[in-house]
Each structure stands twice: as structure tokens, then as C-alpha cells.
Amino acid sequence: MMMSRGYNRLASSMFTMVSPRFFSTAATRGVLSNDMVKAPAVGLGVRCRSSMAAIAGGDKEQEKKQAVGGGGGSSKDDKEIVSYWGLDPTKVSKEDGSPWKWTCFRPWDTYQADLSIDLKKHHAPVTVLDKMAYWTVKSLRWPTDLFFQRRYGCRAMMLETVAAVPGMVGGMLLHCKSLRRFEHSGGWIKALLEEAENERMHLMTFMEVSDPRWYERALVFAVQGVFFNAYFLGYIISPKFAHRVVGYLEEEAIHSYTEFLKELDNGNIENVPAPPIAIDYWRLPPNSTLRDVVLAVRADEAHHRDVNHFASDIHYQGRQLKEAPAPLGYH
């Protein structure tokens, strides 16, 4: 009899703790009997009781909000995320005092693109690894041209889903290496992650002017999955080869955006107004157009070309990236 009561109490306390996660609060109250609710949580400690108290407090807070808002879900309070952690959203404004509407980047992340960068610089492949990297990239261009044809808007958007991968992979591996060896990275972790974030912002921009088809979205899953793992292994085996591949990829990106500009200038692609996200990110004039956006993106790709060829050169000289200061903020 004693053992039966002990099992009942333990089961009831565990059910009380687990039920809010899997069932609604109302359903849980209906299932539990009065004796089970009153039963103490034997052997579960203070931590579980404090969690249950927090859950109960959250229920009361939710009921209060429903009472105030009428439970219709249309009030402003219903749209806000409620948390007892005290992490209120940071209120950010532009230089003119108007509210900042973007959450994916902030005013201190914005910059003006350096359009004066040399777009014709090219690393001539000399070593075997360089030639492998060069022809690997060239071989990838043929199916890309065949698939996208002259649809440069959609081409740019789809390729940015892949272009943002190398910086993230390289930064992640350098981060893990820094932790394993208890050493600094020379700023290269941040530089590569900045590159990945910049490429992602290109994608966020082109999403505003192009709508991918369903099979193109499916292609992203396949290509990104293959490329992520291939680049991950390539970077582990030979970082100088991996960075050289990205350098050549960026050279191809410059060529693609140059062709994009030709189509805009010839009137084959409508030169629509620049998306608001692009105007704020690159600090473009309010009357900027898609052509101005493509110019800024092409300049970014040229900077990424320089960074990755430079990183590969460091490795070719038998040095580590940490031995050369990383080009942080190089846009």
C-alpha cells in the first residue's frame, strides 16, 4: 500500500511537470484529480518546483493578457513575444531620427561600397593546386549558364545561397582550431564570417526583385548540401586550395554581374527602383535603382576575391593565417 502511494505521487509529479509541454494547460487540469495535484513532488527537488511555478506564472500572465485583449488575437500585446528574461528589443534609429526597421542588420553594419576597386585583377594559375581550383570553377560555370540562361536576377539570388557557405565553413573551422590550440586567429574568424554575412545580405536583397520557382528552391537544398560538405572536406585537407577555389568563384561572380549590368543597360532587364533594404545596407541615395545595387554587389565580390586569394597566398608561403592581420571591414 505504501509503495502504491509512493508510485502514485511520483507519477503525478512527473505528469504535472511534463504535461505543459505536450498538452494544453486546461487539458492537464482536467485530467489531474485533486489529490494528485496536491501530492508533493517527491525526490524532484527545488528546481522542478521552480519551473512549475514559472509555468503557472506564465499561465496567469497569458490569462491576464487574454482578458485585456478580449482573446481575439488582434491586439498589439498578442503579437509581442513575452519573456521574463528581461531582454527587451533594442530601439535603434537612423541618423535622421527615424526608426530603424531592419532586424537582420543594424546601422553600424552598413557601409558605402568601394566602386573604385580593380575588377580585372586575376590570379594566374601556376601550381597544380591552382590549376585544379581554376578548372574546377570553370567546369561549374557551364551547367550554371545552361540552367539559368539570361535570367540574371534569379541566377544571382540562387548563387548567393551557395556563395555564403565558404566564409561560414572557413570561419567555423578556424574557430574550432582556435579553441583546440588556445590561440588567436589574427581576426580571420571574424573576417570570414563577415564575408558570409555580406553574401547573405546579397541574397536578402535579390529576394526583393526576383521570385524563385519551386524547382529552383529544391535545387538550393541539393547544391548547398553537396557544396557545404565538399568545401568542408576541402578546407580540412588543404586550406590554400579551398581559398583559391573561392577566389576564382568570386572572379566568375564579377563576370556574371558585369553581364547583368549589360542586360540592364540594353533594356533587356527592367531597371526597377532599388529595394529599401539595399538602400539602407549600402547607404545608397533614395532614388537608386537596381543598377546601383548590382554595382555595389559586384564591388563586394571583388573584395571577397582579394581576401580569398590573399588567404591562399599566405598558406602557399608556409605561414598561418593568424600571422597576417585579417582585412576586417574590407568591403
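This section describes the fold of a predicted protein model, then several of its helices and residues.

The protein has 331 residues, of which 37% are buried. It contains 13 helices and 0 strands. Read from the N terminus, every element in the run is therefore α, as the order α-α-α-α-α-α-α-α-α-α-α-α-α shows. Contacts often bridge distant parts of the sequence. Among contacts between residues at least 6 apart, 76% join residues at least 24 apart.

Confidence varies along the chain. The average pLDDT is 80, and 76% of the residues score at least 70. Over residues 18-77, however, the pLDDT is below 50. Beyond near neighbours in sequence, that stretch has 29 contacts in the model.

Helix H8 covers residues 165-181, a run of 17 residues. At 1.5 Å a residue, H8 should span 24 Å. Its end C-alpha atoms are 24 Å apart, so the expected and modelled spans agree. Many residues of H8 are named as buried. They are Val165, Pro166, Gly167, Val169, Gly170, Gly171, Leu173, Leu174, Lys177 and Ser178. The spacing of such positions can be read against helix geometry. An α-helix has 3.6 residues a turn, so residues three or four places apart point the same way. The buried residues of H8 pack against four helices: H7 (152-163), H9 (188-206), H10 (214-237) and H11 (239-265).

The chain then leaves H8. Phenylalanine 182 comes just after this helix, in the loop between H8 and H9. Its phi is positive, about 55°, although the residue is not a glycine. Most residues other than glycine have a negative phi. Phenylalanine 182 has a relative accessible area of 77%, so it counts as exposed.

Arginine 283 also takes a positive phi of about 55°, and again the residue is not a glycine. Arginine 283 sits in the loop between helix H12 (276-281) and H13. Its relative accessibility is 43%, and it therefore counts as partly exposed.

Arginine 283 is also one of the contacts of glutamine 112. Glutamine 112 lies in the loop between helix H5 (76-79) and H6. With a relative accessible area of 58%, glutamine 112 is exposed. Leaving aside neighbours within four places in sequence, glutamine 112 is in contact with Trp282 and Arg283. Glutamine 112 and tryptophan 282 are 170 residues apart in sequence. In space, their C-alpha atoms are 5.0 Å apart.

Two helix pairs were examined for their packing. The first is H6 and H7. Helix H6 spans residues 128-148, and its axis comes within 10 Å of that of H7. The two axes cross at roughly 135°. H6 and H7 are therefore oblique to each other, since an angle has to be over 145 degrees to count as roughly antiparallel. Their crossing is right-handed. On the H6 side, the contact is made by Thr144, Asp145 and Phe148. On the H7 side, Cys154, Arg155, Met158 and Leu159 take part.

The second pair is H9 and H13. These helices pack at an angle of about 155°, with their axes 11 Å apart. That angle makes H9 roughly antiparallel to H13. H9 passes H13 in a left-handed crossing. H9 contributes Trp188, Glu195, Asn198, Glu199, His202, Thr205 and Phe206 to the contact. H13 contributes Val293, Val297, Asp300, Glu301, His304, Val307, Asn308, Phe310, Ala311 and Ile314.

Alanine 311 belongs to this contact and lies in helix H13, which covers residues 290-316. Its relative accessibility is 0%, so alanine 311 counts as buried. Not counting residues up to four places away in sequence, alanine 311 touches Trp188, His243 and Leu321. Trp188 is also among the H9 residues in the contact with H13. Alanine 311 and glycine 247 are 64 residues apart in sequence. Their C-alpha atoms lie 9.3 Å apart in space.

Aspartate 306 is found in H13 too. At 14% relative accessibility, aspartate 306 counts as buried, because the cut-off for buried is under 20%. Apart from neighbours within four places in sequence, aspartate 306 is in contact with Ile117, Lys121 and Tyr330.

Note on methods:
Residues are numbered from 1 along each chain as its sequence is written. This is a predicted model: local features need pLDDT of at least 70, side-chain atom pairs count only at pLDDT 80 or more; totals for chains, interfaces and linings use all residues. Side-chain values use heavy atoms; hydrogens and water are left out. Helices (H or I, at least four residues) and strands (E, at least two) are DSSP runs, numbered from the N terminus. The expected span of a helix is 1.5 Å times one less than its number of residues. Buried means under 20% relative accessible area, exposed over 50%, partly exposed in between (1.4 Å probe, protein chains only). Contact means heavy atoms within 4.5 Å. pLDDT is the predictor's confidence in each residue, from 0 to 100. Axes are lines fitted to C-alpha atoms, for helices over the stretch in contact, and angles run from 0 to 180 degrees between N-to-C directions. Angles under 35 degrees count as roughly parallel, over 145 as roughly antiparallel, 65 to 115 as roughly perpendicular and the rest as oblique. A crossing is left-handed if the near helix is turned anticlockwise from the far one by less than a right angle, and right-handed if clockwise.
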